[in-house]
Amino acid sequence: MAAKTREERMATDSIGRLMVSMTFPAIVAQIINILYSIIDRIYIGHMEGVGANALTGVGVTFCITMFVSAFSAFISNGAAPLAAIWLGKGDRERAEKILGNSVSFLLICTVVLMAFFYAFQRPLLYMFGASDATIGYATDYLSIYLAGTLFVELALGLNAFIICQSQSKTAMLSVLIGAVANIILDPIFIFVLGMGVRGAATATVISQALSAAWVVGFLISRRSSLKIRRSCMRLEGRILGSVFSLGISPFIMNATESFISIVLNHGLQAYGGDLHVGSLTIMQSIMQFFSAPTNGFTQGMTPIVSYNYGAKNFDRVRQLYRWMIGVCFGFRFLTTATIMLFPRFYAGFFANEADLVMLTGRVMPVFMAGMLVFGLQNGIQPTFLALGQAKISLFIAVLRKIILLIPLAIILPHFMGVRGVYLAEPVSDIISATTATTLFLLNIKKILSEEELQKIV
């Protein structure tokens with residue numbers, strides 16, 4: 001009964017109280033989660049004598065690690081909002097079937113991904129921008145990281161099911177446990193034991209295993225109102241179809257981040273060299289860190305929107321999405337302005353080699369400029385997901401990454417050299433954010449109706 005009361009508060013508590021109780025733990029969890037990779041890169045970038053090459057090598061593996069985690073986005077952003085909508089409708093059995101199917105899907109993904117990337121990791125890394133000077137660091141890191149694929153999928157994919165029960169603090173702890181372990185283990189494995197990049201990967205795998213154990217342990221315990229049940233793990237086409245239709249856009253956002261890194265790394269390697277590839281690793285790390293608070297905020301807000309949408313509280317939904325979009329835009333604008341004003345300050349956290357810091361400081365204001373307005377899309381796209389609008393969300397994801405950014409990153413360097421690679425990002429961000437805002441204004445009135453709600457299965 002207590003768990004049910006927590007869920008019902010999403011429809012009755014004040015929005016301000018809900019925002020604090022649901023989003024603050026999610027924001028902390030996202031920031032902590034991103035520290036997994038960022039702390040690795042900070043330590044690696046400061047390895048004496050080899051920091052720049054080691055950082056570049058590990059940065060190349062980002063293409064593969066992002067693709068691995070993209071499959072968890074199918075579940076965390078596709079299945080969890082659906083479970084929240086069905087909880088809002090009062091159908092807990094359906095919500096648990098969604099959870100059970102999600103677990104089975106993640107187990108299948110683990111087997112397929114490990115087999116593929118272990119078989120082809122070296123040629124893929126060369127394709128993604130590694131050179132003879134950096135390939136050793138890349139393979140050392142990736143060969144160990146892939147061993148923890150199961151832990152990545154379960155920890156990232158299932159944590160959202162804890163949040164959709166209005167248990168954000170518990171979800172935060174799952175990430176906190178792993179991140180604290182990673183912070184402690186990284187310097188021990190990298191420097192004390194002298195394992196270098198292999199030590200960073202080992203620390204990450206152990207940390208993710210601890211997080212995964214916490215998440216699964218909670219979801220099979222009495223504390224969870226949604227439980228992993230063997231009877232619900234048999235795959236059902238109707239459920240998976242609904243999950244895929246809603247989860248495809250965040251999957252594309254994450255998976256294409258991998259392909260974008262491939263294109264950008266290749267262009268920077270061809271037109272600039274290893275130093276330019278290293279600058280991208282630093283800028284992507286900074287971008288990830290400042291994306292984490294907005295990702296956590298929307299992750300905490302999404303189940304509230306979904307639950308109230310399922311309960312037909314449309315006026316409350318309107319208040320919620322206004323907060324979501326406004327906060328995302330304001331935060332991204334202010335933080336991006338700070339990065340553009342002090343780029344070398346931020347670059348210095350990741351490297352101590354003057355040439356790399358100077359180059360990154362010069363190109364970062366150009367690369368980050370589109371983020372001044374991208375907060376609009378950061379708030380709008382999860383709103384569409386929370387309301388079960390798979391097609392619109394998919395189009396927005398495809399527009400920015402596939403239609404705009406990848407072609408521009410290939411075409412612009414032919415006319416502008418290496419500067420064209422950096423310029424492709426802000427041009428894509430500005431056009432995509434403008435389009436997302438237009439689509440939202442044109443469709444939101446129709447979406448908030450009982451007719452549209454009944455279409456969600």
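**View 1. Surroundings of Phe128 in the predicted model.** In this predicted model, Phe128 is in contact with Val60, Cys63, Ile64, Ser261, Ile262, Asn265 and His266, when its neighbours within four places in sequence are left aside. Phe128 is found in the loop between α4 and α5, the latter spanning residues 135–145, and with a relative accessible area of 7% the residue is buried. Phe128 and Leu264 are separated by 136 residues in sequence, whereas their C-alpha atoms are 8.8 Å apart in space.

**View 2. Surroundings of Leu146, in the loop between α5 and α6.** The relative accessible area of Leu146 is 0%, and the residue is therefore buried, the cut-off being under 20%. Neighbours within four places in sequence aside, the residues in contact with Leu146 are Ile64, Val68, Met114, Phe117 and Tyr118. One of these contacts, Val68, lies 78 residues from Leu146 in sequence and 8.7 Å from it in space, C-alpha to C-alpha.

**View 3. The largest nonpolar core and the contacts of Phe161.** The largest nonpolar core has 138 residues, of which Ile64, Ile75, Leu158, Phe161, Leu219 and Ile286 touch the most other members. Helix α3, residues 51–89, provides the largest share of this core, with 18 residues. Apart from this core lies another, of 5 residues, including Ala29, Ile32, Val175 and Ala179. For Phe161, the contacts beyond four places in sequence are Ile75, Ala79, Ala80, Ala83, Ile98, Leu99, Ser102, Leu219 and Leu226. As general background, nonpolar side chains tend to be buried together in soluble globular proteins.

**View 4. The crossing of helices α4 and α6.** The axes of helix α4, residues 92–127, and helix α6, residues 149–163, come within 9 Å of each other and cross at roughly 155°. Because angles over 145 degrees count as roughly antiparallel, α4 and α6 are described as roughly antiparallel to each other, and their crossing is right-handed. On the α4 side the contact is made by Ile98, Leu99, Ser102, Val103, Leu106, Leu107, Thr110, Leu113 and Met114, and on the α6 side by Thr149, Leu150, Glu153, Leu154, Gly157, Leu158 and Phe161. By class, the residues of this contact comprise 11 nonpolar, 4 polar and 1 charged.

**View 5. The crossing of helices α9 and α10.** Helix α9, residues 237–271, and helix α10, residues 274–310, have axes that come within 7 Å and cross at roughly 145°, and the crossing is right-handed. Ser261, Leu264, Asn265, Leu268 and Gln269 of α9 make the contact with Asp274, His276, Val277, Leu280 and Gln284 of α10. These contact residues divide into 4 nonpolar, 5 polar and 1 charged. Two of the α9 residues named here, Ser261 and Asn265, are also among the contacts of Phe128.

**View 6. The crossing of helices α13 and α16.** The axes of α13 and of helix α16, residues 418–447, come within 7 Å and cross at roughly 35°. The residues that make the contact are Val363, Val366 and Phe367 of α13, together with Arg419, Tyr422, Leu423, Glu425 and Pro426 of α16. By class, this contact has 6 nonpolar and 2 charged residues, with no polar residues.

**View 7. Ala351, in the loop between α12 and α13.** The loop that holds Ala351 lies between α12, residues 343–347, and α13, residues 354–368, and Ala351 is buried there, with a relative accessible area of 5%. Although 306 residues separate Ala351 from Gly45 in sequence, the two are 5.1 Å apart in space, C-alpha to C-alpha.

**View 8. Thr202, in helix α8.** Helix α8 covers residues 196–219 and includes Thr202, which counts as buried at 17% relative accessibility. The contacts of Thr202, leaving aside its neighbours within four places in sequence, are with Ile144, Phe189 and Met195.

**View 9. Ala397, in helix α15.** Ala397 lies in helix α15, residues 390–416, and counts as buried at 2% relative accessibility. Not counting residues up to four places away in sequence, Ala397 touches Ser249, Ile252, Met253 and Gln381. The C-alpha atom of Ala397 is separated by 7.3 Å from that of Pro250, a residue 147 places away along the chain.

Key
Residues numbered from 1 in each chain as written. Predicted model: local features only at pLDDT ≥ 70, side-chain atom pairs only at ≥ 80, totals over all residues. Heavy atoms only, no water. Core = buried A, V, L, I, M, F, W, Y, C linked by side-chain atoms within 4.5 Å. Buried < 20%, exposed > 50% of the residue type's maximum accessible area, 1.4 Å probe, protein only. Helix = DSSP H or I, 4+ residues; strand = E, 2+ residues; numbered from the N terminus. Contact = heavy atoms within 4.5 Å. Axes fitted to C-alpha atoms, helices over the stretch in contact; angles between N-to-C directions. Parallel < 35°, antiparallel > 145°, perpendicular 65-115°, else oblique. Left-handed = near helix turned anticlockwise from the far one by under 90°. Nonpolar A, V, L, I, M, F, W, Y, C, P; charged D, E, K, R; others polar.
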